[in-house]
Amino acid sequence: MRDETKCLHSGYKPGNAEPRVLPIVQSTTYAYDTAEEIAKVFDDPTLSLVYSRFGNPTVMAVEDKIADLEGGVGAMCTSSGQAATLLSILNLCGAGDHIVSLSAIYGGTINLLSVTLKRLGIDVSFVSGDDTDAQIEAAFTDRTRLVFGETIANPALSVLDIERFARIAHAHGVPLIVDNTFATPVFCKPIGFGADIVVHSTTKYMDGHALQNGGVIVDGGTFDWNNGKFPELTEPDESYHGISYTKAYGRAAYIIRARMNLMRDFGVYPAAHSAFLLNLGLETLPVRMRQYHENGMRVARYLETQEKVESIKWPALPTDKDYALYQKYLKGCCAVISFDIAGGREKAMAFLDALKLASNEVHVADIRTCILHPASSTHRQCTPEQLKAAGIDEGLVRLSVGLENVEDILADLQQAFDVI
Ligand SMILES: *Cc1c(COP(=O)(O)O)cnc(C)c1O
């Protein structure tokens with residue numbers, strides 16, 4: 001099946017006279033006829049369901065759909081994108097271990113890696129996509145356990161050279177984890193380019209309607225964990241009666257351990273109703289992404305003609321620094337566009353205030369057009385030097401183009417430029 005068909009039919013197939021639409025199974029637990037049958041499920045939790053902290057039929061249908069879209073062997077949903085990133089890392093790292101990460105990533109992930117995980121004893125080295133292979137290789141230690149990056153970075157909008165970073169990670173015996181939130185599997189399937197694990201904030205385009213937070217981890221099933229670096233996957237797990245995940249579950253070892261071990265202990269599983277809403281978003285994802293690309297292109301072309309716009313970052317523009325990477329890895333672009341307004345902070349904030357259709361909000365990928373001024377909001381605590389290092393100018397605005405008629409979006413932008 002192609003993506004449009006998978007989005008509508010993967011994960012849930014009604015049996016005879018069953019509901020056509022994915023049902024919401026609102027239950028914490030599952031009843032069994034005998035104690036012996038429950039005991040069997042504890043021996044192998046992949047056999048059936050016992051408790052909705054590990055699995056729920058509504059959520060699992062959505063997990064199967066996303067795994068199918070990304071070309072993975074399995075997926076696990078989480079209650080937020082942050083939870084997905086956290087568990088994807090903790091499934092491989094403990095105190096003393098080390099991560100190599102691209103520096104152009106989501107601010108929340110930078111904080112997770114450089115502050116919170118550091119306090120837990122997991123160290124991080126940041127590298128840039130502009131670094132040479134030798135510079136990137138120099139960041140690895142014998143305790144490095146993974147490489148982390150984003151397909152299209154939020155908010156830098158740079159494009160990850162997935163094949164290059166997969167090659168470097170694999171040469172050091174570790175997997176590449178890619179946050180594919182901004183691209184979605186409709187525009188890029190990182191596993192096909194060599195990534196091993198994919199994570200998403202489903203809060204963004206996948207849900208698409210700004211209804212609920214969520215995340216997902218997808219296991220490509222591609223990485224061979226039997227190289228001595230990942231005993232938590234290959235050696236007996238004493239907290240699970242001595243199971244070896246690679247021996248018991250083969251290519252799905254990573255995602256099954258994430259569920260049996262980490263979801264058991266951290267409990268960040270989404271509610272059935274949230275998964276139902278996410279599924280509604282997924283059903284129309286390919287249609288919406290095509291329209292986002294089209295609206296984004298019209299707005300980016302319009303911004304190019306604006307005197308008050310000093311620079312634009314959107315990788316689908318042929319003048320963009322990452323256009324070659326965009327052409328190689330992406331079939332379209334998300335509709336988040338960053339641009340600099342001449343006149344710095346004051347003019348940028350006045351521009352936001354003058355907009356009538358676009359709303360000021362701390363979100364991207366809302367179905368409605370929204371806009372944010374990072375220097376006065378998400379990066380408010382930064383000094384001018386820190387802003388510069390993060391690539392955020394005082395006049396930078398992050399516009400998330402929505403699915404209104406693009407003529408109305410353009411008219412709103414034009415009247416705001418006229419005001420300033
Ligand atoms: C929003 C976002 C996250 C965090 O997701 P939440 O659902 O807000 O926890 C992670 N990565 C990227 C790229 C994001 O845009």
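1. A word on classes to begin with: Ala, Val, Leu, Ile, Met, Phe, Trp, Tyr, Cys and Pro count as nonpolar, Asp, Glu, Lys and Arg as charged, and the others, Gly among them, as polar. By that scheme, the shell around the ligand holds 9 polar, 3 charged and 2 nonpolar residues.

2. Please keep in mind that this is a predicted model, in which local features need pLDDT of at least 70 and side-chain atom pairs count only at pLDDT 80 or more, while totals for chains, interfaces and linings use all residues. Residues are numbered from 1 along each chain as its sequence is written, and side-chain values use heavy atoms, with hydrogens and water left out.

3. Around the ligand there are 14 residues (a residue counts if one of its heavy atoms lies within 4 Å). Gly81, Asn154, Asp179, Thr203 and Lys204 come nearest.

4. Three polar contacts (pairs of N or O atoms within 3.5 Å) are worth a look. A side-chain N or O atom of Lys204 is 2.7 Å from a ligand oxygen. Asn154 places a polar side-chain atom 2.9 Å from an oxygen of the ligand, and Gly81 has a polar backbone atom 2.9 Å from a ligand oxygen. On its own the ligand has 380 Å² of accessible area (Shrake-Rupley method, 1.4 Å probe), and the protein covers 93% of this.

5. Asn154 deserves a second visit: a cis peptide bond, with omega about 5 degrees, joins Asn154 to Pro155. Pro155 sits in the loop between β4 (144–150) and α7 (162–171); helices here are DSSP runs of H or I with at least four residues, and strands are runs of E with at least two, numbered from the N terminus.

6. How do α4 and α5 pack? Helix α4 (residues 81–90) and helix α5 (residues 107–119) meet at about 45 degrees, with their axes 10 Å apart. That makes α4 oblique to α5 (neither under 35, nor over 145, nor 65 to 115 degrees).

7. Lastly, do check His241, whose phi is near 35 degrees, a positive value in a residue other than glycine. His241 belongs to the loop between α9 (231–234) and α10 (245–249).

Notes: Polar contact = N/O pair within 3.5 Å; in protein donor to acceptor, adjacent residues only side chain to side chain. Axes fitted to C-alpha atoms, helices over the stretch in contact; angles between N-to-C directions.
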